[in-house]
Amino acid sequence: MAKLNRDSLRKSVLDMSAYTPGEQPQEGSIIKLNTNENPYAPSPKVVDAIKNALTSDRLRKYPDPLGTKFKIAAGNALGIDPDSILIGNGSDDILTILTRAFVPESGLMASATPSYLLYKTLAAIQNARIELVPFTANWQLPPVWPFPEANLTFLANPNSPSGTMVEATEIDRLAQSLKGPLVIDEAYGDFARHNSIGRFQNGAQPEGIIITRTMSKSYALAGIRFGFAVAHPSLVRELIKVKDSYNCDVLSLEAATAAISDQAYLKECIAKIITTRTRLHLELGKLGFKVTPSEANFLWCTHEKHSPDFLYLELKKANILVRLMKYPGHEGIRITIGSDPEIDLLLQALRKLV
Ligand SMILES: *Cc1c(COP(=O)(O)O)cnc(C)c1O
């Protein structure tokens with residue numbers, strides 16, 4: 001019989017380091033500005049939908065494996081073909097499905113850097129190589145993308161941790177140069193001036209581009225775990241083969257359907273967050289911070305006098321959690337846009353520190 005020990009694991013798993021998510025303290029009165037959660041409650045219609053689904057008959061049975069009701073609601077809300085939508089257990093699930101579907105053993109993945117760290121973890125699990133291409137000094141793509149042959153290329157837009165965006169013409173230029181698909185990770189797309197969903201509107205069905213979206217940030221449903229991809233319907237049919245049959249449960253499907261159907265609530269929430277973002281950016285500037293202009297629900301900053309480590313640790317002592325992030329050549333803190341009272345407390349704490 002095989003020995004159940006570490007030696008039985010695939011070498012790529014033994015060799016990789018785990019993805020480290022932001023801290024998730026489960027108790028205490030902490031102001032949590034570290035993982036870009038929404039400070040506002042989800043739409044009240046979400047809670048109603050979950051309550052209505054809480055019947056023993058719904059829980060007894062498997063969910064709809066394709067999430068048909070969600071796809072129709074999302075198609076309506078976004079003006080796209082429901083058949084171009086693939087449901088996921090968070091958009092991280094979607095990113096995993098895409099990696100499994102497109103990247104062979106020892107294949108090649110690429111992304112810009114600094115960006116979302118999970119792409120690197122997905123490559124390690126797949127035993128693929130990943131090439132991280134530095135953004136230019138003002139967070140744009142290099143004039144020539146050096147890895148057109150990649151099996152899969154990720155671009156977070158808006159990007160994390162910077163909150164910056166690459167314009168549509170630059171995305172076109174990148175997509176046209178690639179042999180494999182371009183995944184535009186729009187986890188923060190709802191907060192930005194523009195996004196790529198328009199590429200799939202009015203019956204358009206572009207090939208070579210896959211957009212990923214999450215309900216965790218703009219829809220305030222990080223606890224529910226729901227995300228989706230928008231891609232050519234023929235591609236969605238193939239990706240369905242790779243996903244777990246029941247990757248989304250009854251309650252998350254109901255919640256996501258109600259949330260995406262309430263676009264008025266979404267817009268209200270986003271408007272509040274953008275107003276707070278503008279205010280925080282201004283106030284941080286007055287305190288000696290260098291803040292990168294953001295199109296997302298967070299700000300990336302450094303301080304002229306104090307190190308990111310110092311700021312992170314001192315804020316933590318004051319029960320305020322921000323994300324300390326270190327990349328080669330880039331170190332800073334990423335601050336999620338909280339509610340106005342939370343941001344007031346953050347500013348109070350910072351005024352004492354700097
Ligand atoms: C938060 C985030 C995700 C993941 O979202 P989930 O749906 O919660 O898995 C994906 N990409 C980026 C860039 C993110 O910041």
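Let's start with N36. This residue is buried, with a relative accessible area of 0%. Where does N36 lie? In the loop between β1 (31-33) and α2 (44-53). Its phi is near 60 degrees, a positive value in a residue other than glycine. One reminder before I go on: this is a predicted model.

Now S106. Phi of S106 is also positive, near 60 degrees. S106 sits in the loop between α5 (91-102) and β3. Buried or exposed? S106 is exposed, because its relative accessible area is 59%, and the cut-off for exposed is over 50%.

Next, the peptide bonds. Most residues other than glycine have a negative phi, and most peptide bonds are trans. T113 and P114 are joined by a cis bond, with omega about 0 degrees. P114 is in the loop between β3 (108-113) and α6 (118-126). S160 and P161 are joined by a cis bond too, with omega about 15 degrees. P161 is in the loop between β5 (152-156) and α7 (168-177).

On to the sheet. It is open, has 7 strands, and pairs in a mixed way. The order is β2-β8-β7-β6-β5-β3-β4. β2 (85-88) and β4 (129-134) are the edge strands, each pairing on one side only. From one strand to the next, the twist averages 20 degrees. Helix α4 (residues 68-78) packs on this sheet and touches β2 and β8 (227-230). The direction of α4 makes about 120 degrees with that of β2.

Inside the sheet, β6 (residues 182-185) and β7 (residues 209-214) pair in the parallel sense over 4 bridges. D185 has T212 in β7 as its bridge partner.

Last, the surface. L9, V13 and L14 make a nonpolar patch of about 210 Å². L14 lies in helix α1 (residues 11-15) and counts as partly exposed, at 31% relative accessibility.

Definitions and conventions:
Residues are numbered from 1 along each chain as its sequence is written. This is a predicted model: local features need pLDDT of at least 70, side-chain atom pairs count only at pLDDT 80 or more; totals for chains, interfaces and linings use all residues. Side-chain values use heavy atoms; hydrogens and water are left out. Patches are made of residues with over 30% relative accessible area and no salt bridge: like charges are joined within 9 Å, nonpolar side chains (Val, Leu, Ile, Met, Phe, Trp, Tyr) within 5 Å. Accessible areas come from the Shrake-Rupley method with a 1.4 Å probe; for residues, only the protein chains shown count as cover. A salt bridge is a side-chain nitrogen of Lys or Arg within 4 Å of a carboxyl oxygen of Asp or Glu. Helices (H or I, at least four residues) and strands (E, at least two) are DSSP runs, numbered from the N terminus. Buried means under 20% relative accessible area, exposed over 50%, partly exposed in between (1.4 Å probe, protein chains only). Two strands pair if DSSP finds at least two bridges between them. Axes are lines fitted to C-alpha atoms, for helices over the stretch in contact, and angles run from 0 to 180 degrees between N-to-C directions. Contact means heavy atoms within 4.5 Å.
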